[in-house]
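The exercises below are meant to be worked with the sequence and the 3D structure side by side. Try each task before reading its solution.

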Amino acid sequence: MSFLWLQKTNQDFLLKQQEIKHQNQSQYLLLNKMSLSRIESWVEILVQLHQNESQPIRALGNTFSSRFEFLQLNMQVEQGWLFDHQKNIIFSSVSQVPQHIQKNTEYVFENQVSKESTFCERLCSQILSIPLLQADGNTAVITLSLSLIDTLAFLNQSTDATLALSYIPFNRQTKNAQDIEIREPLAGKHQALFKSLINAFPNDLTIDELLVKGAPLTLEDNHYFVVVIPMSTTSADDDYILAAYDITPMMVAHLAYKQTIIIVASIVFVLAMLLFYLISNNVRKRLVDFTERLPLLALRDYQQFRLKSRVTEHYYEDELDTLNESANKLADRLEQLDEEVSTKTNELEKMAMYDQLTNLPNRNMLVIKIKEALAKLVESEKFIVLMMFDLDDFKKVNDSYGHTIGDELLREAASRFQSVVDDNGIVCRLGGDEFAILLNNVEDIKSAIKVAEKLLDRFRAPINVAQLRFYVSTSVGFAHTSSAETNVNELIRCADIAMYHAKGDGGNCIKLYIESMSKNAIDKVALEDEARIALINDNFSFSLQPQIELKTGRLMGFEALLRWNHPDRGPVSPGYFIPILENTEFMLTLGYWCIENAFDLLQGFRQNGYPELKIAINLAGIQFLDPDLVPYLEEKINSSGLKPSLIELELTERTLVNDIQRTTDIMQSLIDKGFLISIDDFGTGYSSLSYLKTMPATFIKIDRAFIDGMLTNDSDRQIVSSTVSMVQNLKMKVIAEGIEEQLQIDLLKQFDCNMAQGFYIAKPIPEDLLFEELQKYCKNGIWQYGQSE
């Protein structure tokens, strides 16, 4: 607070100095302006008196001559000149025109504006040149030399400053304040004072800074505030009025005021500190006692903490009393918690090492047991075997029946895992539906494989939970080592990779880890990364294969076949990248891109005059079972205005049998909303009449393997004929794939097959050439097959 008070006092003192500077400059400008205005008014009146005469300039010169003495006495005019438009002298108060008069006059002739300047030799004069516009459009100029004595006298009377005329010598390159020199005689007896003040200017102080701020100076015991006032108001002359103010009384008062502030602040500070000490001393003692007791809590010496509790008597209960009471309660609570923690430590350790659902050891315990087993290999030539298990399709149990049923199933599965392990093995649950078996002291790998096979056999029996029966298989990944230097995490990773290869092969099998599996896993991650980049860079596209109605040849639509044009590898085969990406999260993103692109193509069909053509899109199993699929398709139909019957969704038989009930429900929901469903590659997978007759599908596509052989193989021909008849009896239509020649079409027509597609009808057409090919081969809705390249 005292600092702010002192700062405010210093600011007020500086503002007072600036006020003095502005007041002096303003007074000089005002006096100068009044003098010049009076002269200009007199000249204006004089010109108006003679403007109607035949020779106004001559008449003006005569009047100027007759009235010149009046001007000298009353208007501070020293000398005067009148020039006509040809710069001839009409009147001059002296025999010759000085050079500075000529310069000022020439400026007015050139610029047609008045000019005021200052000229100093022994004395200083103010030069004023005024243009006179004549009736004939010519300009004369009147120039007057004015004395500054009266102006300076008025300025001296109106201020308390000591004044001196000063200038910057023309041979000085910089305008430094110390370059100022004093003119005679205005300085007079104060010349020594001004020289001392100039010498006292700081070395880096410039005239410009002196003009803006002024300069406070100290000579011996006296204090001065020095300002400069430019003598000319319109030109940058180097002549100034130097004004020095004796501010010694003001400075003494200012210093005394600051000293008073410091003394008062010091007294207040001392009193405040004394009062603070008196108040805080008792508090300090109590705080010291309290801080000496606190370490006893850390040492769990609760009894000594209570014994050393200090009770003080004073007039009122304060925060420290409350704190002391709270600390005592805290000690009681901490003692109670210590007892509880001590009681439950063993339980917590067990929770950290065992799975709470199955009571099996968890991943932490598995790592410890592997490290112990590896340490024993130093003195042994035996193996340790790590098997990782994953229950196939367990997620469907949780999704369909809830986590309660799922947990019961996991407990029963844990029992089956334990039933195949002896004292040399340990069963662990790693989380979710993942389990592990660690076998120690294994002499022969075949014996470990027998344990895994025994376990697979146990899982062939159904698991009964709450009157429900589940058939659950398991995928087994198998890794082993005989080296004590093996890294624990590396062993777990190898078994995990092998397990995922087992799942990739359909599950319910055993896979022994080999080196190539790691490379395949890395390749899969790399391919997925490249595919994500390809989708961003628009490297995916469609090739569209026409589908025709066999009886009429009418073009019904296209099957959209996904293509990937890699910038470095070139075209990447769908048979390579789709199986690898099929079960990844990215496949969802790519699948929705395919649907989006198909809707764009349907919009193109509508705009180009093909509003009834449909598009068939192949969906991966992971996407067809995605809960967002049906709402997404509904939203696209609503926003595009397209008919749902123009979208055909193709599923493989494998997608159907992976979760037949859920898949059937989704198919029925889509058909109810107007979408078309087709079963692709019929007859090559898991098809059976038992579920085909209840399958809610629109089309069944006969695989090309049967179409290729039906011309030469009676069995294939009979299969195709029977399939067409059976499917049509179930109120579905048949699409034959892989048509390569006209004879196949003729035979399919005899079987009353509905639709067909293949290279003979048309090869897949790149997306960017589609509409060009439509115009070329689709005539009145009929596809001209057998002609396209």
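**Exercise 1.** Find which residue F119 stands opposite in β4.

*Solution.* Start at F119 and cross to β4, where S125 stands opposite. The model is predicted, so local features need pLDDT of at least 70 and side-chain atom pairs count only at pLDDT 80 or more, whereas totals for chains, interfaces and linings use all residues. Residues are numbered from 1 along each chain as its sequence is written, and side-chain values use heavy atoms, with hydrogens and water left out. Next, take the two strands as a pair: β3 and strand β4 (residues 124–133) are antiparallel over 6 bridges. Strands here are DSSP runs of E with at least two residues, numbered from the N terminus, and two of them pair if DSSP finds at least two bridges between them.

**Exercise 2.** Place β3 in its open sheet and explain why β2 and β3 each have one side without a neighbour.

*Solution.* The order of this open sheet of 5 strands is β2-β1-β5-β4-β3, and the pairing is antiparallel. Because β2 (89–92) and β3 (115–120) stand at the edges with a single partner strand each, one side of each has no neighbour in the sheet. From one strand to the next, the twist averages 15°, an angle between N-to-C directions (on a scale from 0 to 180 degrees) of axes fitted to C-alpha atoms.

**Exercise 3.** Trace the open sheet that contains β12 and β17, and identify the bridge partner of M388 in β13.

*Solution.* Read the 5 strands in the order β12-β13-β11-β16-β17, with mixed pairing. The edges are β12 (425–431) and β17 (510–512), each with a single partner strand, so one side of each is left without a neighbour in the sheet. Here the twist averages 20° from one strand to the next. Inside the sheet, strand β11 (residues 383–391) and strand β13 (residues 434–442) run antiparallel and are joined by 7 bridges. The partner of M388 is A436.

**Exercise 4.** Locate the rings that have a charge over them, beginning with F459 and F699.

*Solution.* Apply the criterion, which asks for NZ of Lys or CZ of Arg within 6 Å of the ring centre and within 35 degrees of the ring normal. R416 lies over the face of F459, 5.8 Å from the ring centre. For F699, the charged end of K614 sits over the ring at 5.3 Å from its centre.

Conventions
Helices (H or I, at least four residues) and strands (E, at least two) are DSSP runs, numbered from the N terminus.
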